[in-house]
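Please look over the chain below with its internal packing and its open spaces in mind.

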Amino acid sequence: MSSTLGQAGLACLGPNLMSYSERLAALFTAAGFPEPSRAIDTLLSYVIGMSTTEAAWLTTVARSGETEAGFIARLMPAAQQAAAGHDHLAAAYDEAAAHPVVDPVAVRDAKFAYGLDVVLDGLEMRLPR
């Protein structure tokens with residue numbers, strides 16, 4: 001997957017990608033980033049990382065033939081057992097088991113939004129004062 005993603009930008013050096021990249025660079029420059037490409041790379045790395053992780057997860061769920069909520073429910077006892085003896089992890093899995101996932105899409109969206117907020121907050125700290 002990594003090698004394919006690494007080649008994607010090179011294979012698509014056409015007018016659409018250049019236009020998109022130019023608009024993105026202009027946006028980050030207008031926001032005040034002295035090195036907009038570094039901020040853009042950080043943001044894109046987060047988005048690509050989360051997207052590939054979600055795609056891998058959803059592929060695993062699809063291969064199981066179960067609903068996502070059903071797959072999580074079936075996996076939870078094994079996760080709790082594996083986390084036994086690891087206090088922080090065990091507590092997190094016990095909490096998750098006590099509140100079964102009703103809407104996995106909402107959970108994924110909330111996780112993405114939280115991480116995006118953290119990345120954007122960090123980037124904001126890099127802006128000149």
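The report that follows covers a pocket, a nonpolar core and one charged residue.

This is a predicted model, in which local features need pLDDT of at least 70 and side-chain atom pairs count only at pLDDT 80 or more, while totals for chains, interfaces and linings use all residues. Residues are numbered from 1 along each chain as its sequence is written, and side-chain values use heavy atoms, with hydrogens and water left out.

The largest pocket holds about 640 Å³ of space, and its lining is made up of 20 residues, with W57, I72, V107, R108 and K111 nearest the centre. Helices 3, 4, 5 and 6 each give two or more residues to that lining. (A pocket is an open set of points on a 1 Å grid where a 1.4 Å probe fits, with protein on both sides within 12 Å along at least five of seven lines; lining residues have an atom within 4 Å of a point.)

| Class in the pocket lining | Residues |
|---|---|
| Nonpolar | 14 residues |
| Polar | two residues |
| Charged | four residues |

E68, which belongs to helix 4, counts as buried because its relative accessibility is 14%, buried meaning under 20% relative accessible area with a 1.4 Å probe. Its side chain makes a polar contact of 2.5 Å with that of R108, a polar contact being a pair of N or O atoms within 3.5 Å, one able to donate a hydrogen and the other to accept it.

The largest nonpolar core (buried nonpolar residues joined through side-chain atoms within 4.5 Å) has 10 residues, among them L24, F28, L43 and V119. Helix 3 contributes the most to this core, with four residues.

Definitions and conventions
Grid points are joined across faces, edges and corners, and a volume is the space filled by probe spheres set on the points. Ala, Val, Leu, Ile, Met, Phe, Trp, Tyr, Cys and Pro count as nonpolar, Asp, Glu, Lys and Arg as charged, and the others, Gly among them, as polar. Buried means under 20% relative accessible area, exposed over 50%, partly exposed in between (1.4 Å probe, protein chains only).
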